[in-house]
Amino acid sequence: MPTPGRSPLIVRVDLRNVTAAQLEKSANLLRRGGLVAFPTETVYGLGAAALNPDAVARVFAAKGRPARNPLIVHVAETNDARRLASEWPATAQALADAFWPGPLTLVVRKAAIVPDAVTAGGATVAVRVPGHPVAQALLRATGQPVAAPSANRSGAVSPTSAEHVLASLADQIDALLDSGPTPGGIESTVVDVTQTPARLLRPGLVTPRQIRAVLGELTIAARDDSDAPRSPGQIGRHYAPAARLEIAPDDGAARVAALAAVGLRVGWLRGSGIPERAAPAGAVCVTMPADATGYAARLYAALHELDAAGVAAIVAAGLPEDENWLAIRDRLERAARAD
Ligand code: TXA
Ligand code: MG
């Protein structure tokens with residue numbers, strides 16, 4: 001396993017009634033080295049037994065992920081995370097107390113039991129305690145740490161629904177737990193606590209303001225560090241739809257009209273409050289929520305929809321400059337990079 005060409009076991013899990021029995025087969029598959037896609041509060045993850053290098057190698061193969069990009073290890077509670085670390089700084093404990101279970105990932109010095117395959121040979125490991133009830137139940141049923149990147153082909157848009165996972169990885173996975181759309185919509189915040197002050201490697205659902213409220217100080221890494229900790233700058237375009245994406249300096253209406261006028265099928269991620277008549281003929285419009293939380297929850301699904309609609313270009317209306325929008329601007333700016 002996995003057997004390419006075979007369809008995965010699909011288990012529909014009702015969020016109001018998550019039972020251990022529903023997750024037993026998936027937990028067994030993980031323990032035997034298989035690949036199980038599962039929902040978290042951010043995006044769907046592609047899970048494998050983190051302490052099993054063969055299972056971890058399958059994750060990299062399934063995603064087409066560069067071996068130098070390390071994985072996040074998911075555990076059910078803070079004590080399990082501490083066992084994966086050789087040092088557990090006070091900053092790690094403070095952030096764990098404040099945000100776990102939840103959409104925050106901590107980079108700490110790794111313990112000897114963590115295989116090089118997970119950390120891309122590095123001395124640190126990224127750990128996270130997800131809060132999603134299905135992720136929690138799966139981790140408890142498995143009884144082992146689970147490495148899980150987002151369940152998409154490397155470089156593509158992360159999946160926020162089971163359908164997105166199947167569209168890109170159906171023939172690569174052994175099982176899929178389907179509990180509908182993930183609530184957060186973009187990936188966890190990644191913070192390196194091996195240094196002082198702690199350093200933000202990837203903006204996410206937990207904002208810098210929230211982290212500073214706990215730690216006092218936080219430095220913000222240059223963009224490419226989060227994707228290639230040991231070789232910054234090598235991964236540019238990321239989180240990208242198939243269509244070319246650009247961010248407009250304004251509401252995007254003029255740019256959409258210009259692209260439509262030259263015969264392109266164009267998608268428009270527009271702000272709310274723009275009257276329906278502002279959309280030029282032939283443009284596929286998605287009206288995005290006005291608040292950052294709502295926008296994040298909707299963003300990847302909107303990009304998947306526009307790709308499915310076959311647009312050649314996507315224009316996103318400009319976003320507010322404030323920090324609540326940092327992670328969203330980060331994902332859109334990455335998706336817009338041409339390299
Ligand atoms: O929300 C999430 O974090 C989702 C769900 C499934 O938990 N997972 C996720 O994994 O987004 P992935 O592999 O798509 O992104 C992991 C990020 C990458 O930017 C990676 O470079 C960084 O975390 N990372 C992992 N281990 C690291 C380490 N030891 N040091 C620095 N960055 C690391
Ligand atoms: Mg990813």
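Pro101 sits in the loop between helix 4 and strand 5, and the peptide bond leading into it from Trp100 is cis, with omega near -5°. Helices here are DSSP runs of H or I with at least four residues, strands are runs of E with at least two, and both are numbered from the N terminus. This is a predicted model, in which local features need pLDDT of at least 70 and side-chain atom pairs count only at pLDDT 80 or more, while totals for chains, interfaces and linings use all residues. Residues are numbered from 1 along each chain as its sequence is written, chains are lettered from A and ligands numbered from 1 in the order in which they are written, and side-chain values use heavy atoms, leaving out hydrogens and water.

**Backbone oddities**

- A cis peptide bond also runs from Thr196 to Pro197, with omega near -5°.
- Pro197 belongs to the loop between strand 9 and strand 10 (199–202).
- Ala120 has a positive phi of about 55°, although it is not a glycine.
- For background, most residues other than glycine have a negative phi, and most peptide bonds are trans.
- Ala120 is in the loop between helix 5 (116–119) and strand 6 (124–128).
- With a relative accessible area of 21%, Ala120 comes out as partly exposed; buried means under 20%, exposed over 50% and partly exposed in between, using a 1.4 Å probe and protein chains only.

**Helix 4, just before that first cis bond's loop**

- Helix 4 spans residues 90–99, and its buried residues include Ala92, Leu95, Ala96 and Phe99.
- Those residues sit on the same side of helix 4, because they cover an arc of only 100° around the axis, the arc being that of the directions from the helix axis to the C-beta atoms.
- Turned away from that buried side is a face carrying the exposed residues Ala90 and Asp97.
- The buried residues of helix 4 pack against helix 3 (78–82), strand 5 (104–109), strand 9 (189–192) and helix 8 (208–215), where contact means heavy atoms within 4.5 Å.

**Strand 2 and its partners**

- Strand 2 (residues 36–39) is covered on both faces: Val36 and Phe38 are buried on one side, Ala37 and Pro39 on the other.
- That fits the general pattern that side chains in a regular strand alternate between the two faces of the sheet.
- Strand 2 pairs with strand 3 (residues 44–49) in the antiparallel sense over 4 bridges; two strands count as paired if DSSP finds at least two bridges between them.
- The two form a hairpin, with 4 residues between strand 2 and strand 3.
- Within that pairing, Ala37 has Leu46 as its bridge partner in strand 3.
- Strand 2 also runs parallel to strand 8 (residues 175–178), joined by 2 bridges, and Val36 has Ala175 as its bridge partner there.

**The four-stranded open sheet**

- The sheet has 4 strands in the order 12-15-13-14, and the pairing is parallel.
- Strand 12 (244–247) and strand 14 (284–287) are at the edges with a single partner strand each, so one side of each has no neighbour in the sheet.
- Neighbouring strands are turned by 15° against each other on average, direction ignored; axes are lines fitted to C-alpha atoms, for helices over the stretch in contact, and angles run from 0 to 180 degrees between N-to-C directions.
- Strand 13 (residues 266–270) and strand 15 (residues 313–316) run parallel and are joined by 4 bridges, with Trp268 opposite Val315 in strand 15.
- Helix 9 (residues 253–261) lies across strand 12, strand 13 and strand 15, at about 170° to strand 13.
- Helix 11 (residues 326–336) packs on the sheet too, touching strand 12, strand 13 and strand 15, and its direction makes about 130° with that of strand 12.

**Helix 10 meets helix 11**

- Helix 10 (residues 292–308) packs on helix 11 at an angle of about 30°, with the axes 9 Å apart.
- That makes the pair roughly parallel, a label for angles under 35 degrees.
- Their crossing is left-handed, which is to say that the near helix is turned anticlockwise from the far one by less than a right angle.
- On the helix 10 side, Ala292, Tyr295, Ala296, Leu299 and Tyr300 meet Ile328, Arg331 and Leu332 of helix 11.
- Ala302, also in helix 10, is buried with a relative accessible area of 0%.
- Leaving aside residues up to four places away in sequence, Ala302 touches Leu269, Val286 and Met288.

Key: Parallel < 35°, antiparallel > 145°, perpendicular 65-115°, else oblique.
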